[in-house]
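These are my notebook entries on a structure that I had not examined before. I set down what I looked up, entry by entry.

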Amino acid sequence: MAQLWGGRFTKETDQLVYDFNASISFDKKLLPQDIAGSIAHADMLGKQGIITCQEKESIISGLRSILKDVESGALIVDETKEDVHSFVEAELIQRIGDAGKKLHTGRSRNDQVALDMRLYTREKVTLIDGLVKELLLAIHKVMEENLHTYMPGFTHLQKAQPTTLAHHFGAYFEMFKRDRSRLQDIYERMNYCPLGAGALAGTTYPLDREYTAQLLGFAGPTLNSMDSVSDRDYLIEFLAALSTMMMHLSRFSEEIIIWNSNEYQFVEIDDAYSTGSSIMPQKKNPDIAELVRGKTGRVYGALMSLLTTMKGIPLAYNKDMQEDKELSFDAMDTAADCLTLFTGMISTMKFRTDVMARSAVNGFTNATDAADYLVNKGVPFRDAHGIIGRLVLYCIDKDTSIDALSLEELQSISEIFQEDIYEAISLKTCVEKRLTLGAPGAEAMEKVLEINRKYLELES
């Protein structure tokens with residue numbers, strides 16, 4: 001089996017070695033990027049007079065025909081070839097003859113694959129960024145519609161203080177907004193073109209790297225040829241950003257799973273995003289949320305795999321770096337699928353606002369406000385804390401809530417309580433009087449929603 005590098009060798013590679021070394025089974029995914037990079041390279045070779053104008057046009061036409069045929073299904077990628085680069089070049093030579101043999105002038109597979117992976121990753125960064133924006137739009141819609149949907153806020157999974165559904169979802173809005181910021185940083189940092197770096201030391205041909213970078217939409221060429229072919233920082237950064245994003249999705253999924261449980265019943269997941277049981281007819285399972293939570297580990301695994309692969313590699317290119325693809329492709333696809341499905345799930349989910357409000361009342365989430373009531377009446381905070389603690393114990397013993405007690409019962413604990421206590425500890429008062437920016441009060445939340453609207457309008 002003839003290889004691009006076969007001239008140095010006097011015997012065929014062992015088939016098992018060949019199969020182990022080959023990457024075409026997964027790097028065929030890079031075919032559109034490989035052809036885009038080759039078209040730009042051929043264009044530049046023609047511009048520089050390294051190949052003739054006729055050869056350039058023949059090469060570009062041949063490359064475009066290959067892409068068209070693969071996309072239409074008329075041409076199937078030959079997986080007996082070592083990699084996608086070998087396949088494209090062999091197919092090109094078969095179609096246009098000797099002119100195809102000149103395509104690789106001034107180029108190594110090292111800078112070729114570095115370009116392909118960078119182009120592919122850049123596209124995925126843009127795709128994921130768009131999907132995160134769609135999720136933010138869905139979250140923002142829930143926030144706008146639930147400014148006055150009262151619910152318990154939690155610490156340690158214990159009911160703590162009352163908040164609103166808008167405020168709770170707003171926390172995730174901030175998380176995913178940070179995720180977009182990380183993606184945009186990565187795009188800017190990675191957007192430099194390695195083509196022209198050669199194997200590791202550039203080339204003696206008069207390449208115009210600035211021109212090639214411009215053709216491919218990069219900010220410019222990379223500035224060190226050794227780093228150009230051995231850098232995978234951008235991919236590690238992307239996998240790290242995806243891991244953080246998946247962690248946010250997993251936390252959100254965990255809450256939805258809890259809220260969907262019989263004990264909480266805060267939400268009802270749409271039938272389209274649920275499944276049943278093969279044996280228990282009453283079951284409606286939150287499988288999408290559970291799978292998102294589970295698939296987070298796959299993305300973490302890709303990040304740890306690549307970090308481990310890269311940690312001991314000397315300059316410049318080494319074959320280990322072929323391991324940057326399979327798990328990375330999987331992580332990118334997994335993250336995209338999770339974002340799409342999760343957005344659909346929360347967009348169709350119904351919120352049991354009555355159950356949420358009842359849960360907030362029954363969970364003593366207004367206890368802090370009751371203590372503040374006493375403080376405002378002149379009771380030292382530490383004493384007020386103790387009074388309300390005894391009041392909570394009384395309620396637990398009576399299986400009731402603070403606001404359901406009679407004034408006589410309240411005054412049996414402390415004579416300071418007056419009729420105005422009921423207004424002071426109502427859910428509405430507890431939430432709406434919290435007006436500092438970032439708090440759940442409607443006035444504060446309206447300011448945040450306006451900031452969010454401007455962000456969503458400005459961010460492409």
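**Entry 1. Surroundings of one methionine.** I began with the contacts of Met-245, setting aside its neighbours within four places in sequence. Those that remain are Ile-128, Val-132, Phe-176, Asp-179, Ala-335 and Leu-339. I note at the outset that the model is a predicted one.

I then asked where Met-245 is placed. I found this residue in helix H10, which covers residues 233–260.

Is Met-245 buried or exposed? Its relative accessibility is 2%, and buried means under 20%, so I entered Met-245 as buried.

I also looked up the separation of Met-245 from Val-299, a residue 54 places away along the chain. Their C-alpha atoms lie 9.8 Å apart.

**Entry 2. Helix H10 against helix H11.** I turned next to the packing of the helix that holds Met-245. Two packed helices are described by the angle between their axes and by the distance between those axes. For H10 and helix H11 (residues 287–310), I recorded an angle of about 160° and an axis distance of 8 Å. Angles over 145 degrees count as roughly antiparallel, and H10 is therefore roughly antiparallel to H11. I noted the crossing of H10 and H11 as left-handed. I then sorted the residues of this contact by class: 18 are nonpolar, 4 are polar and 4 are charged.

**Entry 3. Helix H3 against helix H6.** I looked up a second helix pair, H3 (residues 31–47) and H6 (residues 109–145). The two pack at an angle of about 120°, and their axes are 9 Å apart. Because this angle falls outside the ranges for roughly parallel, antiparallel and perpendicular, H3 counts as oblique to H6. The crossing in which H3 passes H6 is right-handed.

Which residues make the contact? From H3, I listed Gln-33, Asp-34, Gly-37 and Ser-38. From H6, I listed Gln-112, Leu-115, Asp-116, Leu-119, Tyr-120 and Glu-123. By class, the contact of H3 with H6 has 3 nonpolar, 4 polar and 3 charged residues.

**Entry 4. A strand pair.** Lastly, I examined strand E1 (residues 150–155) and strand E2 (residues 158–164). How many bridges join them, and in which sense do they pair? I recorded 6 bridges and an antiparallel pairing. Opposite Gly-153, I found Gln-161 of E2. The hairpin of E1 and E2 has 2 residues between the strands. In this hairpin, I noted that His-156 takes a positive phi near 55°.

Key
Residues numbered from 1 in each chain as written. Predicted model: local features only at pLDDT ≥ 70, side-chain atom pairs only at ≥ 80, totals over all residues. Heavy atoms only, no water. Helix = DSSP H or I, 4+ residues; strand = E, 2+ residues; numbered from the N terminus. Buried < 20%, exposed > 50% of the residue type's maximum accessible area, 1.4 Å probe, protein only. Contact = heavy atoms within 4.5 Å. Axes fitted to C-alpha atoms, helices over the stretch in contact; angles between N-to-C directions. Parallel < 35°, antiparallel > 145°, perpendicular 65-115°, else oblique. Left-handed = near helix turned anticlockwise from the far one by under 90°. Nonpolar A, V, L, I, M, F, W, Y, C, P; charged D, E, K, R; others polar. Pairing = 2+ DSSP bridges.
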